[in-house]
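Work through the exercises below with the sequence and the model open. Each task is followed by a solution in steps.

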Amino acid sequence: MIIVLKPNIDTASREYERIESHVKNFQNIEILVHNFQGTEKLLTELHLIGNTAALSVEEIRGFPGVDHVIRVSEVYRVLGRHKGDSRPNNFTYNGVTFSQDNLNVFAGLCAVDSPESVEAMMKALQENGQVCTRMGAYKPRTSPYSFQGHGKDCLPYVFELAGKYGIKVIAMEVTHEKHVDEIGDALAKTGSPTGVMLQIGTRNTQNFELLKIVGRQQEFPVLLKRGFGITLDESLHAAEYLASEGNQMVIFGLRGMKTNIGDPHRNLVDFAHVPVVKRLTRMPVCVDPSHSVGSRSRSSDNILDIMHVTAQGVITGANMILVDFHPDPGKALVDGPQALRMDELRPFLDDVAIVRQAFEQRLALFGSDKAHAGFQP
Ligand code: PEP
Ligand code: MN
């Protein structure tokens, strides 16, 4: 059961004391407190863990200070959708809203290689009205002999250039808890010119200790990539690790599944799961067409497979696209074969806008009451 308190009522209040003493009358129920400090108000949720069947939702609803009460099912307690659940499916970070009803594009470098590449990328993004990007500083590589990313050394110039070109959110993978501190330190030292969305890659989807650490901080939102060889349910539980530790700013990323059945693509595209994740949880859903397809292959219709696959995600309501670009793909240190070129950014965004519009027409056709927050190409 989740008890959502009215704004600005916290655990020091009389109202909380009354709820707590009521709950204490029942055995084996633990109260976990989740606080969310917004710009104007504090929101507190009480998560009751244990045998809550004997508690009456109606009775608790009647307590002063209670906004609403949700009876949750066992799975995806925090991020899941439950009966009568009016909790939001969105959050705003550094001025950018992430929601199940809108769409943000994160085009950028798979791996940061040089200040020149970062600047060329960010300049192109600004010229095309984009405020989000991806920049890999810590790269998990199959071979220990491959380039591992520039790590913390590149953070100052990445953040400064982001500030220069109006980038508000950078998706950046972390593979170790110290990376979170390094990012926080570098942001503080550069005067926080931008924001960071921590990315948990597919190799770490079930690295539970990393998930707990990243979930415990509430400064940065998190993009959790689906595990490449586990069930959707297992990956959704991984997302729940983040949220159960207190961070509900979580986006779920589809990036294809590892199997030879998807050949010649790098992974089997799994974007049919976009609406499934939106139905089961309140998380905005990201698609990564670059790591799904893995190449710049072009079909007989002159459209790149990466663009076709992006369209498959957007037509089913994807809320974020994470896509690799590089000013000179042949020279990229990581994943060059799947990187799009700067001159492909404009057509990419135009294509996304066409498909997003078609998705919104589909919403109207089926009488959906979803807000049309849309996408600005
Ligand atoms: C990436 O986005 O750079 C990446 C390594 O992706 P994944 O974890 O999906 O392989
Ligand atoms: Mn990559």
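**Exercise 1.** Find which side chain R134 meets in a salt bridge, and state where the two partners lie.

Step 1. R134 pairs with D324 at 3.3 Å, N to O; a salt bridge here is a side-chain nitrogen of Lys or Arg within 4 Å of a carboxyl oxygen of Asp or Glu.
Step 2. R134 belongs to strand β8 (residues 132-134) and D324 to strand β14 (residues 320-324), so the bridge ties together parts 190 residues apart in sequence. Helices (H or I, at least four residues) and strands (E, at least two) are DSSP runs, numbered from the N terminus.
Step 3. Both R134 and D324 are buried. Buried means under 20% relative accessible area, exposed over 50%, and partly exposed in between (1.4 Å probe, protein chains only).

The model is predicted: local features need pLDDT of at least 70, side-chain atom pairs count only at pLDDT 80 or more, and totals for chains, interfaces and linings use all residues. Residues are numbered from 1 along each chain as its sequence is written, chains are lettered from A and ligands numbered from 1 in the order in which they are written, and side-chain values use heavy atoms, with hydrogens and water left out.

**Exercise 2.** Describe the salt bridge between E119 and K164.

Step 1. The closest N and O atoms of E119 and K164 are 2.9 Å apart.
Step 2. This pair links distant parts of the chain, with E119 in helix α3 (residues 115-127) and K164 in helix α4 (residues 155-164), 45 residues apart.
Step 3. E119 is partly exposed at 26% relative accessible area, and K164 is exposed at 53%.

**Exercise 3.** Identify the protein donors of the manganese ion (ligand 2), then find the salt bridge partner of D335.

Step 1. The donors are C110 (SG), H291 (NE2) and D335 (OD), lying 2.0 to 2.3 Å from the ion. Donors are N, O and S atoms within 2.8 Å of the metal (3.2 Å for Na, K and Ca); water is not among the atoms, so sites may look incomplete.
Step 2. C110 sits in the loop between β7 (104-108) and α3, and H291 in helix α9 (residues 289-293), so the two tie together parts 181 residues apart in sequence. C110 and H291 are buried.
Step 3. D335 forms a salt bridge with R266, with 3.3 Å between the closest N and O atoms.
Step 4. D335 counts as buried at 19% relative accessibility, while R266 is partly exposed at 35%.
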